[in-house]
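Visitor: I'm new to protein structures. Could you walk me through this one?

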Amino acid sequence: MKILVIGGTKFLGYYLTRTLLEEGFEVTLFNRGITPDDFGSSVKRIYGNRKDYKKFYETFRREKYDAVIDLIAYEPEDVEVIEKTFRDRVGQYIFISTGQVYLITENKHQPAREEDYYQKLIPCPKGEEAAYEYGLKKRQIEDYLEDAYRLRKFPSVRFRCPIIEGPRDYTLRLYSYLLRIDDEHPVIIPESGDNIIRHVYVKDVARTLIRVLGVEKTRGKVYNLAQEEVVRLSEFLRLIAQIMGKPLQLVKIPDRELLEEGLPLDISPFSGRWVSYLDPSFAKEEIGFRSTPLEKWLKPTIYYFMEEYRGEKPSNYHYRAREIQLAEKWKFKLGIPE
Ligand SMILES: NC(=O)c1ccc[n+]([C@@H]2O[C@H](COP(=O)([O-])OP(=O)(O)OC[C@H]3O[C@@H](n4cnc5c(N)ncnc54)[C@H](OP(=O)(O)O)[C@@H]3O)[C@@H](O)[C@H]2O)c1
């Protein structure tokens, strides 16, 4: 099968490309050639900026693929040009959406099911414009693709993912906690933020995108993906500390107190309102989605960040000294033993 991957070299796209090659697919990567990769000549490469729509159309208007897998569609115009370019010359178009499409609605059903998408939008919370906009634009793309299938049978498949985890995750959210557990000082969770954690492992997503290739019944459909285990953030961090062989002291501090002390709430990146909680039952039932056990994927991910990763530390770790001071004060207040 001939597959075009748009993006394909950083995180989810990297694992997708690697797995496609392992499984013998003929892969063409389209990206700007900025992010280095180790695929060498095992892939065909076309360089360009997907935002240059005219050139994109010119580049691909005579090409035919069994599937186009798009890792980097963030605006409706990105997919409008996909449909114009590939209209009758693609077997499937696979789009990666986000659990955030539910978080900007009035949906109260938890975990969110696919049908919970059809709810009224909430107004944008103050100061949360970027995250809101991200969800909104992914929804606009989904709405476009839903119509394109209904009206013109354009064969898209959509996947809604919560936070994606694993080695190479350039958002460094998990690494933020690993550094704090590793330094053996107390770890702060904002009082409002002992969230439910039901993320998804990057390799499980990559495998699922490949699993649906050529599967007729997935056309026009949307699937939630998420790991099987449902844990609170505090339990999640205890499991990580246990794997790392480190002690863990968690201190819950009121959000207001943290802000007054000049500490942003993203010192705990899995605490905010933008952590989605999805129900993957439909994907399990219809396409046989299975997730790797939590502990099994945490181990190589922790190993990657603690032993192999050589990049920057997350910007939220710059506050660590102030955080430790405040946590020590609160530990005393809350009577947490040493
Ligand atoms: N991470 C999460 O927690 C999470 C959660 C839910 C959904 N998602 C979704 O997952 C997808 C992200 O996947 P990823 O970043 O891991 O993908 P990726 O395909 O591994 O990396 C991004 C790729 O896009 C290329 N690229 C960036 N801008 C480009 C442009 N203007 N034109 C052409 N190529 C460009 C980059 O290469 P060059 O730099 O060489 O161009 C790179 O290959 C997004 O759709 C996101 O919404 C992520």
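Guide: Sure, and let's settle one term to begin with: buried means under 20% relative accessible area, exposed means over 50%, and partly exposed is in between. Keep in mind that this is a predicted model.

Visitor: Let's use that, then. Is Gln-110 buried, exposed or partly exposed?
Guide: Gln-110 is found in the loop between helix H4 (100-103) and H5. Its relative accessibility is 46%. Buried needs under 20% and exposed needs over 50%, so Gln-110 counts as partly exposed.

Visitor: How far apart are the C-alpha atoms of Gln-110 and Leu-278?
Guide: Along the chain, Gln-110 and Leu-278 are 168 residues apart. In space, though, the separation of their C-alpha atoms is 7.3 Å.

Visitor: Now the sheet. Which strands stand at its edges?
Guide: Seven strands make an open sheet with parallel pairing, in the order E3-E2-E1-E4-E5-E6-E11. A strand at the edge has a single partner, so one side of it is left without a neighbour in the sheet. Read the order from end to end and you'll find the edge strands: E3 (44-47) and E11 (222-224).

Visitor: By how many degrees are neighbouring strands of this sheet turned against each other on average?
Guide: Picture each strand next to its neighbour, with direction ignored. The average turn is then 20°.

Visitor: What is the bridge partner of Phe-159 in E11?
Guide: Strand E6 covers residues 156-161, and three bridges join it to E11, with the two running parallel. For Phe-159, the partner in E11 is Tyr-223.

Visitor: On to the ligand. Which residue has a backbone N or O atom 2.9 Å from an oxygen atom of the ligand?
Guide: Let's go through some backbone contacts. Gly-33 has a backbone N or O atom 3.1 Å from a ligand oxygen, while for Arg-50 the distance is 3.0 Å, to a ligand nitrogen. The residue with 2.9 Å to an oxygen is Ile-164.

Visitor: How much of the ligand's accessible area does the protein cover?
Guide: On its own, the ligand has 930 Å² of accessible area. The share covered by the protein is 91%.

Visitor: Which element gives the largest share of the shell around the ligand?
Guide: There are 29 residues around the ligand, and Gly-8, Thr-9, Ile-34, Tyr-134 and Tyr-170 come nearest. The shell divides into 14 nonpolar, 10 polar and five charged residues. Helix H1 (12-22), strand E5 (93-98) and helix H5 (129-152) each give two or more residues. The largest share, three residues, comes from H1.

Key
Residues are numbered from 1 along each chain as its sequence is written. This is a predicted model: local features need pLDDT of at least 70, side-chain atom pairs count only at pLDDT 80 or more; totals for chains, interfaces and linings use all residues. Side-chain values use heavy atoms; hydrogens and water are left out. Two strands pair if DSSP finds at least two bridges between them. Helices (H or I, at least four residues) and strands (E, at least two) are DSSP runs, numbered from the N terminus. Axes are lines fitted to C-alpha atoms, for helices over the stretch in contact, and angles run from 0 to 180 degrees between N-to-C directions. A residue is near a molecule or strand if one of its heavy atoms lies within 4 Å of it. A polar contact is a pair of N or O atoms within 3.5 Å; within protein, one must be able to donate a hydrogen and the other to accept it, and residues adjacent in sequence count only if both atoms are side-chain atoms. Accessible areas come from the Shrake-Rupley method with a 1.4 Å probe; for residues, only the protein chains shown count as cover. Ala, Val, Leu, Ile, Met, Phe, Trp, Tyr, Cys and Pro count as nonpolar, Asp, Glu, Lys and Arg as charged, and the others, Gly among them, as polar. Buried means under 20% relative accessible area, exposed over 50%, partly exposed in between (1.4 Å probe, protein chains only).
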